[in-house]
Amino acid sequence: MILFLSTIILFLIAIILFQLKRKREQNVTLKYMHTKLQAIINEQSNEKILVATSNQELQQLLTTINALLNDTHKILAKHRKTESSMKKMLANISHDLKTPLTVVLGYTEMLQLQHSLKDAEQNRLLSGIHLKTEEVLKLIHTFFDLAKIEAGDTEYPITKVNVSEICRKNILSFYDMVMSVGLHIDINIPESPIYALGNEDALERVLNNLIANAIAYGAEGRVIGLTVRNDATDVYIDVWDCGKGIDEYHIDSVFERMYTLEDSRNKSFQGSGLGLTITKRLVEIMNGTIQLKSIPYEKTVFTISLKRMMY
C-alpha cells in the first residue's frame, strides 16, 4: 500500500514538474513574442514572428499575429506610397501654378508701369493674362475633380449606356481639331447599338481625355483611331495613335496620381499628371478596366473594358 501511494505521489509530482516546465517555456515564448512584436512595431519592419512550438493555442495566436502584421505592412506601404504621391502632387501643383501666375504678374506690372503702351500692346498683354488665368483655373478645377472622385463626393449612377452612340458623338466633337492639325481619323464603330454597364458622363470624360491625349501626343504618326468591339461578356473601346508612344518602363506608372516625366504623355493638364489618373478612376467607378499597350512610333492603344449589356 505504501509503495502504491508513493508511486502515485511521484507520478503527481512528475505531472506538476512537467506542467511547471511547460508553463515556464510558454512564459519564455510569450515574452519573446512580446519583445519581438514591440521591436517590429517600433522599427516598422517587414519581419514576422517565428517560434517553434507544439502548443496549438500559441500556433493559432502566432498565425493571427503574423496575418495582422502582414496587413499592417501593406497598409504602411500604401500610406508611404500615398504620402510620396501627395508630396509630388503638391510640388507639381505649386510649379504649375507658379509658372502662369508669374506670367500674369509680369504682364500686370508692365500695364501698371508703362502708361504709354499702345492699345494693341495692352490688348496683347490682357489676352495673355486671360489665357494664363484660364490655365490656372483649369488646373485647380482638375485637381478638385480628382479629389471629389477619390472622396466619393461625385455620383456616377451605373446604368445601361449606348457605347456606340457615345463614342461616335465624342470622336466627332474632335473633328475640327483633328482636321486643323492635319491628322487622319480611323473610326471603327458598329452601326448597330452596343450597350454596356456604365455612366454616360463618366464615359464621355474618359473618351475626351484619351482622344485629346492621342491628338496631342500622336500627331507625329499622322493618324488617330477609335474602335468599338465586343465579345460575349464585355465591350471594348480602343483609342489609339501611331505617335511616339510610351516606353515599356513607364507603362505601369502612367495612371499613377501626379506621374509626370519630361518624355511622358501624361501632361493632359499642364503637366500636372492628373488626366490619366482621373481617367482610370472613372473607369473603375464604372466597374471597368483600362489597359495600355504601346510600341513607340508604331501604335499606342488605350483599351477600356466595360460589362456588356444584352437586354
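**Exercise 1. Work out how exposed arginine 222 is in this predicted model, and say what marks its backbone.**

Arginine 222 has a relative accessible area of 41%. Buried means under 20% relative accessible area, exposed means over 50%, and partly exposed lies in between (1.4 Å probe, protein chains only). Arginine 222 therefore counts as partly exposed. Its place is the loop between α6 and β4 (223-230), where helices (H or I, at least four residues) and strands (E, at least two) are DSSP runs, numbered from the N terminus. Turning to the backbone, phi of arginine 222 is near 65°, which is a positive value in a residue other than glycine. Most residues other than glycine have a negative phi.

The model is predicted, so local features need pLDDT of at least 70 and side-chain atom pairs count only at pLDDT 80 or more, while totals for chains, interfaces and linings use all residues. Residues are numbered from 1 along each chain as its sequence is written, and side-chain values use heavy atoms, with hydrogens and water left out.

**Exercise 2. Determine whether asparagine 287, asparagine 66 and valine 254 are buried or exposed, and locate each of them.**

Asparagine 287 is found in the loop between α8 and β6 (289-295), and with a relative accessible area of 64% it is exposed. Although asparagine 287 is not a glycine, its phi is positive, at about 60°.

Asparagine 66 belongs to helix α2 (residues 56-113) and is buried, its relative accessible area being 17%. If residues up to four places away in sequence are not counted, asparagine 66 touches Lys48 and Ile49, contact meaning heavy atoms within 4.5 Å.

Valine 254 sits in the loop between α7 (248-251) and α8 (275-285), and it counts as buried at 1% relative accessibility. Its C-alpha atom is separated by 9.8 Å from that of leucine 274, a residue 20 places apart from valine 254 along the chain.

**Exercise 3. Describe how α4 packs against α6, and then how α3 packs against α8.**

Two packed helices are described by the angle between their axes and the distance between the axes. Axes are lines fitted to C-alpha atoms, for helices over the stretch in contact, and angles run from 0 to 180 degrees between N-to-C directions.

The axes of α4 (residues 163-173) and α6 (residues 200-217) come within 10 Å and cross at roughly 40°. That makes α4 oblique to α6, because angles under 35 degrees count as roughly parallel, over 145 as roughly antiparallel, 65 to 115 as roughly perpendicular and the rest as oblique. The residues making the contact include Ile166 and Ile171 of α4 and Leu203 and Leu207 of α6.

Helix α3 (residues 119-151) and α8 pack with their axes 10 Å apart, at an angle of about 30°, and that makes α3 roughly parallel to α8. Among the residues in this contact are Leu146 and Ile149 of α3, together with Ile278 and Leu282 of α8.

**Exercise 4. Decide which stretch of the model should be read with caution.**

The protein has a mean pLDDT of 81, and 87% of its residues reach 70 or more; pLDDT is the predictor's confidence in each residue, from 0 to 100. Over residues 260-271, however, pLDDT stays under 50, and for this stretch the model has 41 contacts beyond four places in sequence. Where pLDDT is low, the predicted coordinates should not be read in detail.
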